[in-house]
Amino acid sequence: MSARLVFATSNAHKVSELEAILAPAWEGFESGCVARMSDFDVASPVEDGISFEENSLIKARALARATGLAAIADDSGITVDVLGGAPGIFSARWAGSHGDDAANLRLLIDQLSDVPDRHRGAAFVSAAVLVTPEGREFVERGEVRGTLTRSPRGEGGFGYDPIFVPEGFEVTTAQMSAEQKNAISHRGIAFRALMPRIVEYLRG
């Protein structure tokens with residue numbers, strides 16, 4: 001089977017997570033049914049939406065048009081209570097440069113340095129979408145509540161994982177195994193909800 005789906009992201013960390021989360025969706029289908037954005041000479045669109053859902057759809061629509069394949073995308077980030085929901089959709093470029101995880105993390109830690117523990121609530125949010133070449137669109141949202149530590153802990157994950165402790169846990173998502181994180185993550189919740197639509201499309 002030639003590729004029928006493409007991941008609308010150039011973030012290698014996200015691709016790895018998506019492949020692990022969506023592995024059950026590929027059961028029964030030939031390998032090679034899923035491609036990566038890097039397999040195509042396609043420029044990333046400008047993500048100028050005002051919500052995670054809008055930015056996900058911008059990416060997926062652009063890639064579906066450019067490749068003729070169904071596109072899977074997500075937009076995700078961290079929302080901090082005392083910052084009124086920021087960084088939100090600006091999570092990946094909070095410190096100015098897109099994708100500079102270390103700088104983004106340092107800036108957020110500094111901004112929250114005087115915030116007491118009882119007010120350090122936050123959430124990881126993800127909006128996952130599937131857009132088909134025919135123009136059908138499906139959107140699912142995942143959210144995980146937690147609290148923020150004062151310094152990084154753990155070597156796994158990426159982004160803000162080293163300071164995020166999900167509710168019900170005592171470790172950050174950077175201290176979890178990939179399997180543990182995917183089982184409870186915002187991205188995992190969103191894409192598992194989207195999975196029936198993905199399987200339906202592949203079987204169609």
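This is a short talk on the strands, one helix and the nonpolar cores of the structure shown above, which is a predicted model.

Let me begin with the middle of the sheet, at strand 3, which covers residues 70–80. Eleven of the eleven residues in strand 3 are buried. If you follow the side chains along strand 3, Ala70, Ile72, Asp74, Ser76, Ile78 and Val80 point one way, while Ala71, Ala73, Asp75, Gly77 and Thr79 point the other way. Strand 3 pairs with strand 1 in the parallel sense over three bridges, and within that pairing Leu5 stands opposite Ala70. With strand 4, strand 3 pairs in the antiparallel sense over ten bridges; there, Ala71 stands opposite Val131, and Ile78 has Phe124 as its bridge partner.

Strand 4, residues 121–131, is likewise mostly covered, with eleven of its eleven residues buried. From strand 4, Gly121, Ala123, Val125, Ala127, Val129 and Val131 point one way, and Ala122, Phe124, Ser126, Ala128 and Leu130 point the other way. Strand 4 also runs antiparallel to strand 5, residues 137–148, and eleven bridges join the two, with Phe124 standing opposite Val144 of strand 5. These two strands form a hairpin that has five residues between them, and in the turn Gly135 has a positive phi of about 95 degrees.

Now I would like to turn to one residue in strand 3. Where does UniProt place the feature "binding site"? The record, which is an unreviewed entry, places that feature at Asp75, and Asp75 lies in strand 3. Is Asp75 buried or exposed? Its relative accessibility is 7%, and because buried means under 20%, Asp75 counts as buried. Leaving out residues up to four places away in sequence, Asp75 touches Lys14, Glu47, Ser51, Phe52, Asn55, Ser56, Lys59, Ile89, Val125, Ser126 and Ala127.

Several of those names bring us to helix 2, residues 52–67. Phe52, Asn55, Ser56 and Lys59 are among the buried residues of helix 2, as are Leu57, Ala60, Ala62, Leu63, Ala64 and Thr67. The buried residues of helix 2 pack against strand 1, helix 1, strand 3, strand 4 and strand 5. As for its length, the 16 residues of helix 2 should span 22 Å at 1.5 Å a residue, and its end C-alpha atoms are 23 Å apart, so the two values agree. Just after helix 2 comes Gly68, which takes a positive phi of about 75 degrees.

Finally, the nonpolar cores. Which residues have the most contacts inside the largest nonpolar core? They are Leu5, Leu22, Trp26, Ile72, Leu130, Phe191 and Ile198, in a core that has 22 residues. Strand 1, helix 1, strand 3, strand 4 and helix 5 each supply at least two residues of this core, and helix 5 gives the most, with eight residues. Ile198 shows how these pieces come together, since once its neighbours within four places in sequence are left aside, Ile198 is in contact with Leu5, Leu22, Trp26, Ile72 and Leu130. Apart from this core lies another, of 14 residues, including Ile78, Leu112, Leu148 and Ile163.

Conventions. Residues numbered from 1 in each chain as written. Predicted model: local features only at pLDDT ≥ 70, side-chain atom pairs only at ≥ 80, totals over all residues. Heavy atoms only, no water. Core = buried A, V, L, I, M, F, W, Y, C linked by side-chain atoms within 4.5 Å. Buried < 20%, exposed > 50% of the residue type's maximum accessible area, 1.4 Å probe, protein only. Helix = DSSP H or I, 4+ residues; strand = E, 2+ residues; numbered from the N terminus. Contact = heavy atoms within 4.5 Å. Pairing = 2+ DSSP bridges. UniProt positions renumbered as here; feature names shortened; annotations may be inferred. Expected span 1.5 Å × (residues − 1).
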